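Reader: Hi! Could you walk me through this structure, starting with any enclosed spaces?
Author: Happy to, let's look at it together.

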Amino acid sequence: MRTHLHRHPTTTLTAVRNLGILAHVDAGKTTVTERILYLTGSTHKRGEVHDGTTVTDFDAQERDRGITIFAAAVSCTWAGHRINLIDTPGHVDFSDEVERSLRVLDGAIAVFDAVAGVEPQSESVWRQADRHGVPRIAFVNKLDRAGADLDAAVASIRDRLRVVPLVVQLPVGQEDGFTGVVDLLRMRALTWTGDGEVADEGPVPAALHEEARRRRRLLEETVAELHSAAFEEFCARAALSTGTLSAALRDLTRTGEGVVVLCGAAYRNRGIEPLLEAVVAYLPSPLDVPAVRGTLDGAEQERPADPQAPFAALAFKVTSTATGRLTYLRLYSGTLRKGDMVWDAGARRTERVGRILRVQADRQTDMDLALAGDIVAVIGPKSARAGATLCAPSAPLVLEPPTVAVPVVSVAVEARRNTDTGRLVSALTRLVEEDPSLSVRTDAETGQTLVSGLGELHLEVAMEKIRLATGVAVDVGPPQVAYRETVLRGVTGFVYRHVKQDGGAGQFAHVVIDVETVGADEAQAGRDERGGMVDGAVDFVFASSVVGGRVPREYVRAVEAGCRDALSEGPLAGHPVTGLRVTLTDGATHPKDSSEMAFRAAGRFALRDALRACTMALLEPVAEVTASVPDDAVGGVLGDLAARRGRVSGSTARAGTAVITATVPLAELFGYATRLRSRTRGRGSFTTRPTGYAAAPSAAAPR
């Protein structure tokens with residue numbers, strides 16, 4: 001018997017599913033998305049990743065690279081249910097796109113490779129979904145590949161993800177001979193032939209009958225251990241009915257106590273129908289998840305998923321298109337109509353919604369209104385950013401925004417032509433608006449424009465996006481390291497006489513100074529007093545021990561100003577000087593030719609020459625690195641940190657993960673993100689925090 005579920009328009013919130021597709025790179029999630037769209041009638045031709053014809057990978061860079069870079073929203077209907085689907089990136093550099101998507105989703109399909117099982121990024125996105133409490137079902141893909149093994153993949157899910165897999169299907173055939181699955185709930189076989197669009201349903205093949213019965217029994221026992229109602233029925237009847245088993249699977253999925261596992265081969269269109277049925281049966285609707293909570297004037301409020309409630313929505317993505325500036329919204333409560341005025345709680349301003357769009361990747365369809373539980377895009381709001389709350393002006397509310405990942409890799413950028421500098425600045429501003437995980441700043445010391453992101457590929461894609469969108473040629477390079485110079489051994493009684501006579505009023509200033517390394521207590525006092533770096537003078541202490549008024553007070557201040565001027569360029573390599581104490585011990589004035597300008601010049605030149613007589617050292621900036629790595633990668637990570645001149649200061653263990661803290665020179669951290677991911681197979685992550693300066697390898701330069 002051929003089965004094909006009828007498609008009907010969605011009518012109620014119970015018939016809405018907001019879900020994402022999560023996976024490691026090349027596990028086949030974009031192909032799964034394409035087959036879902038094709039099977040539900042949303043597209044009339046199957047898109048292929050290798051041909052660059054997929055709906056969701058519509059960006060030119062995605063098609064060139066063959067990977068998903070930007071989260072893409074699509075919508076389809078199946079069995080009377082509307083499914084709002086977000087295809088998320090699988091590369092670790094774009095994990096922030098996954099984070100923002102998971103914040104607004106009610107459920108997810110985790111796709112695994114039947115050959116590789118749980119891969120590094122599979123584990124990472126699974127942990128992200130854990131943090132958001134998103135219910136998931138698993139789809140083991142590519143069962144038609146050589147080496148495919150459902151049992152091995154399920155074992156990796158159990159061991160690596162520490163969850164209870166609930167396998168509801170048994171493959172019919174292996175590798176290239178994979179033709180279908182046995183549904184262990186209904187104990188019927190679904191087989192696909194040819195292009196595999198629709199399944200043929202029939203009895204379980206005789207060769208698989210005993211194995212199917214054994215696996216059904218194992219499924220019943222596992223479910224009975226986890227679900228109280230199922231346990232009671234199992235104890236009474238020594239078996240579970242199909243209805244009880246299905247209801248228990250739904251409950252266990254939504255509580256996260258178990259994960260329903262299905263299998264198939266998306267490229268050959270096999271296993272997609274049962275996957276859609278599982279989405280409808282097991283994943284929650286907006287009514288099945290807890291009501292969203294927000295704050296108003298510090299007080300927590302709750303908004304139910306009710307079209308009649310006050311409007312509240314969260315913006316999770318902003319992008320610029322030929323249509324206009326699109327703001328993607330997840331509506332949590334209320335109804336949004338075209339032309340409505342909404343309150344942007346972050347920008348604290350009212351905006352008008354000009355258009356409401358049902359998004360199909362890069363195509364849009366106009367809508368008159370959107371209801372609670374829906375995911376749509378709007379045109380009109382100018383100030384909304386990812387994470388902003390849009391709500392009814394009469395019922396303001398602030399929803400918790402998605403967590404933004406901390407950038408870990410930086411590059412210096414500049415327009416190749418000076419005339420393009422303004423266009424580059426505008427493009428960078430738009431880029432940060434669209435991708436909050438990117439940051440742009442100007443280094444106060446080097447004057448370089450620095451762009452920071454989550455990885456080298458992330459930054460490469462961002463720069464290419466600027467080039468494609470604006471035509472601006474951008475030069476990219478590593479940031480300059482802001483070195484310092486300091487005094488190891490100072491000088492005392494250094495005399496400098498500044499005399500200048502050029503026909504008019506002359507200049508005369510005589511100063512005697514001591515230069516020494518600043519003490520630790522004074523250094524801290526200097527930092528507290530000035531709040532950190534001021535005009536390149538970090539940890540600089542100036543004092544005067546002149547007695548008898550030999551140098552008037554106003555001239556003493558001028559000498560200090562001159563010394564600060566001299567700190568901008570040290571004798572070793574022209575870097576700013578830090579960590580020294582200068583004491584004015586004596587001096588002399590001229591009744592006519594002395595002035596503040598003369599003493600300022602004397603202070604500058606005196607310290608400049610005195611530093612040349614000191615023993616100096618070169619300092620380099622260092623950062624505290626906190627790396628979270630799997631236990632099996634600790635040795636390699638420690639060795640790599642040592643090779644980067646890092647000093648490990650601590651290590652703690654947390655459930656299979658080691659957290660290593662080390663101090664590493666900033667110059668050695670360029671490229672570290674890629675190296676760490678290579679060492680840990682993509683499972684490691686790290687953060688950095690600048691901690692100051694330390695002696696560079698060529699520490700002393702005696703004079």
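Reader: Which residues line the second largest cavity?
Author: Ala73, Val74, Ser75, Asn84, Leu85, Tyr328, Arg358, Val359, Ile375, Val376 and Ala377 line that cavity. A cavity here is a set of points, on a 1 Å grid over the protein atoms alone, where a 1.4 Å probe fits but cannot get out, and lining residues have an atom within 4 Å of a point. Before we go on: this is a predicted model, where local features need pLDDT of at least 70, side-chain atom pairs count only at pLDDT 80 or more, and totals for chains, interfaces and linings use all residues. Residues are numbered from 1 along each chain as its sequence is written, and side-chain values use heavy atoms, with hydrogens and water left out.

Reader: Thanks! How much space lies in the second largest cavity?
Author: About 50 Å³, where a volume is the space filled by probe spheres set on the grid points, joined across faces, edges and corners.

Reader: And which strands supply at least two residues each of its lining?
Author: E3, E4 (81–87), E20 (355–360) and E23 (375–379) each do. Strands are DSSP runs of E, at least two residues, and helices are runs of H or I, at least four, numbered from the N terminus.

Reader: How many cavities of 30 Å³ or more are there?
Author: The structure holds three, and the largest has a volume of about 60 Å³.

Reader: What supplies the largest share of the lining of that largest one?
Author: Helix H3 does, with three residues. H3 spans 95–102, and strands E3 (72–78) and E15 (312–321) each supply at least two lining residues too.

Reader: How do the lining residues of the largest cavity divide by class?
Author: Six are nonpolar, one is polar and three are charged. Ala, Val, Leu, Ile, Met, Phe, Trp, Tyr, Cys and Pro count as nonpolar, Asp, Glu, Lys and Arg as charged, and the others, Gly among them, as polar.

Reader: New topic: how many disulfides does a search of the whole structure find?
Author: Zero, a disulfide being a pair of cysteine sulfur atoms within 2.5 Å. For cysteine 614, the nearest cysteine sulfur belongs to cysteine 563 and is 12 Å away.

Reader: Is cysteine 614 buried or exposed?
Author: Cysteine 614 is buried, with a relative accessible area of 0%; buried means under 20%, exposed over 50%, and partly exposed in between (1.4 Å probe, protein chains only).

Notes: 1 Å grid on protein atoms, 1.4 Å probe; cavity = no way out; pocket = protein on both sides within 12 Å on 5 of 7 lines; lining within 4 Å.
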